[in-house]
Amino acid sequence: MPSLLPPSMVDHRYFDNTNFFGVRREKSMAYRIVVDPKKIVKPISRHIYGHFTEHLGRCIYGGIYEEGSPLSDERGFRKDVLEAVKRIKVPNLRWPGGNFASNYHWEDGIGPKDQRPVRFDLAWQQEEPNRFGTDEFIEYCREIGAEPYICINMGTGTLDEALHWLEYCNGKGNTYYAQLRRKYGHSEPYNVKFWGIGNEMWGEWQIGHMTADEYARAAKEYTKWMKVFDPTIKAIAVGCDDPIWNLKVLQEAGDVIDYISYHFYTGSDDYYETVSTVYLLKERLIGVKKLIDTVEVARKRGVKIALDEWNVWYRVSDNKLEEPYDLKDGIFACGVLVLLQKMSDIVPLANLAQLVNALGAIHTEKDGLILTPVYKAFELIVNHSGEKLVKTHVESETYSVEGVMFINKMPFSVENVPFLDAAASVSEDGKKLVIAVVNYRKEDALKVPIRVEGLGQKKATVYTLTGPDVNARNTMENPNVVDITSETITVDTEFEHTFKPFSCSVIEIELE
């Protein structure tokens, strides 16, 4: 449980916001939100809403792809999953892993399906039938409107293999692999923009595990020659919690890479321990950004952070990893998405791990699916957000938490965690204002004064994600226990709104 601290004026963006709007308050209100829709701070990268699919458990087979199922189309794509995925407008999709990538040979997954070899996957100790490969992945991305993000094999793979994969996907000329793609029915290049230069190569569990020096040299070599073939690609190098690793990668490869990755898994049976780690993540991302700024070649190039794996994961440890998400996990996800809206200039690319079944936002059964609270967080925020962040000031009481991370068993502490957080954005045309508000308080609703500069009286719609308690889950029998509700309210330049406990709400206001 948190220890309560005295009320404080807290601005929860990563940059300073002292004397917001030039006003110095002598007396602090416990909770308050101030928004100026005319003051654009920065664009919000749409790629912060990305997702991840790996050949792990039932993520691919039995998840997005299930040949022979009455719920699948002629391509093998689960139609109910497709419909749900389209609803959250996935901007980019990472594939094929994850750990799986470090033992995946892409040529096993192209050509006639009945001629593709079955392989043993060392990462997850299961047979890989290779019936879902590069062409199927690209077709899936095109179907859902997502940019493909491919992670190459730097474990058992080679630079040649990576270059050939890039040529197969993006080749425009008469070279062998470009012609091979055409032979298999795909005349136009796929123009895959995002390429992951390996996955978690720092981890001893990773096939082909490397030291920082080894990886840094390899990452530069792979990226350099891949960009000779296609200078337009964006390369995501492997980063981690170890600043020494990150520093060596940035020093060696910072002049050619575009992103350095960071992975974050969290979760606990304790509500506050889980949701507070939104702000532990914030601290760690700021730490990576500060490190980038110390390396001249990386700073000059403008290297960004890719949070290309993040989620709650603490209950299960088998090879299926079908984590049963509840409302507190969905509130954590809302908090991360609000955080990323504020930080998307330094973290413009992110991927929830994962999309279906294995740590999945969506859970499938043979006769249907469950949309978890984590999915609902994306449904709320993605569909009710603007493209431009506007100046927002938040005042909130705070608390502190000490806990232990599930994955590495490392203790953590995070202080000055807000009970209330918010981000406001406007649509591209400036005609709609959206205020996303997270009330992390487990015990109480919060009646919050809100000021919107220059607004005047208008009607607004409030969409709220919540449920009966923090451990509420959706099931096949009761699919909408945790769900999004809506109501119409009247707002003005100054108004108050009561936010339910353990909830995320979005207030949409038509400005014109």
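This briefing walks through the domain interface, the salt bridges, two helices and two single residues of the structure above. The model is predicted. The domain assignment splits the protein chain into domain 1 (31-41 + 391-510) and domain 2 (44-385), and the C-alpha centres of these two domains sit 28 Å apart. Salt bridges add up to 43 in the structure, and two of them cross between the domains.

**Where the domains meet**

- On the contact count, 46 residues of domain 1 touch 47 residues of domain 2.
- Putting domain 1 and domain 2 together buries about 3800 Å², and carbon and sulfur atoms account for 68% of that.
- Phe 406, Tyr 440 and Met 476 are the trio to look at here: they supply 17% of the area that domain 1 buries against domain 2, more than any other three residues.
- For polar chemistry, the interface of domain 1 and domain 2 has 14 residue pairs in polar contact, with both residues at pLDDT 80 or more.
- On the domain 1 side, the elements that give two or more residues to the surface touching domain 2 are β16 (398-404), β17 (411-418), β18 (420-426), β19 (432-439), β21 (458-466), β22 (483-491) and β24 (503-510).
- Sorted by class, that side of domain 1 has 27 nonpolar, 10 polar and nine charged residues.

**Salt bridges worth a click**

- Asp 483 pairs with Lys 376 in a salt bridge, with the closest N and O atoms 2.9 Å apart.
- Arg 78 has a salt bridge to Glu 66, where the closest N and O atoms are 2.7 Å apart.
- Arg 78 and Glu 66 are 12 residues apart, and each lies in the loop between β3 (50-52) and α1 (79-87).
- Arg 78 also meets Asp 80 in a salt bridge, at 2.8 Å from N to O.
- How accessible is Arg 78? Its relative accessible area is 0%, so Arg 78 counts as buried. Asp 80 is buried as well.
- Glu 508 and Lys 432 form a salt bridge with a closest N to O distance of 3.9 Å. This pair links distant parts of the chain, with Glu 508 in strand β24 and Lys 432 in strand β19, 76 residues apart.
- The two ends of that bridge fall in separate accessibility classes: Glu 508 is buried at 12% relative accessible area, while Lys 432 is partly exposed at 28%.
- There is also a network of salt bridges, which links Glu 67, Lys 113, Asp 114, Arg 116, Arg 131 and Glu 136.

**Two mostly covered helices**

- Helix α2 (residues 134-144) has eight of its 11 residues buried.
- The buried set in α2 is Thr 134, Asp 135, Glu 136, Phe 137, Ile 138, Tyr 140, Cys 141 and Ile 144. Glu 136 from this set also belongs to the salt-bridge network.
- What do the buried residues of α2 pack against? Their partners are α1, β4 (92-95), β7 (147-151) and α3 (159-170).
- Right after α2 comes Gly 145, with a positive phi near 80°.
- Helix α11 (residues 373-383) is mostly covered too, with 10 of its 11 residues buried.
- The buried residues of α11 include Lys 376 and Glu 379, along with nonpolar names such as Val 374, Tyr 375, Phe 378 and Leu 380. Lys 376 is the residue that bridges to Asp 483.

**Lys 328, a buried lysine**

- Lys 328 is found in helix α10 (residues 327-343).
- Its relative accessible area is just 1%, so Lys 328 counts as buried.
- A polar atom of the Lys 328 side chain lies 2.9 Å from the backbone oxygen of Ser 268.
- Beyond its neighbours within four places in sequence, Lys 328 is in contact with Ser 268, Asp 269, Asp 270, Tyr 271, Thr 274, Val 275, Tyr 314, Arg 315, Val 470 and Asn 471.

**Gly 109, a buried glycine**

- Gly 109 is in the loop between β4 and β5 (119-121).
- At 0% relative accessibility, Gly 109 is buried.
- Setting aside neighbours within four places in sequence, Gly 109 is in contact with Tyr 104, Arg 116, Asn 130, Gly 133, Thr 134 and Glu 136. Among these, Arg 116 and Glu 136 are also members of the salt-bridge network.
- For a sense of scale, Gly 109 and Trp 202 are 93 residues apart in sequence and 27 Å apart in space, C-alpha to C-alpha.

Notes: Residues numbered from 1 in each chain as written. Predicted model: local features only at pLDDT ≥ 70, side-chain atom pairs only at ≥ 80, totals over all residues. Heavy atoms only, no water. Domains from an automatic or database assignment. Contact = heavy atoms within 4.5 Å. Buried area = accessible area lost by both parts, 1.4 Å probe. Salt bridge = Lys/Arg side-chain N within 4 Å of Asp/Glu carboxyl O. Polar contact = N/O pair within 3.5 Å; in protein donor to acceptor, adjacent residues only side chain to side chain. Helix = DSSP H or I, 4+ residues; strand = E, 2+ residues; numbered from the N terminus. Buried < 20%, exposed > 50% of the residue type's maximum accessible area, 1.4 Å probe, protein only.
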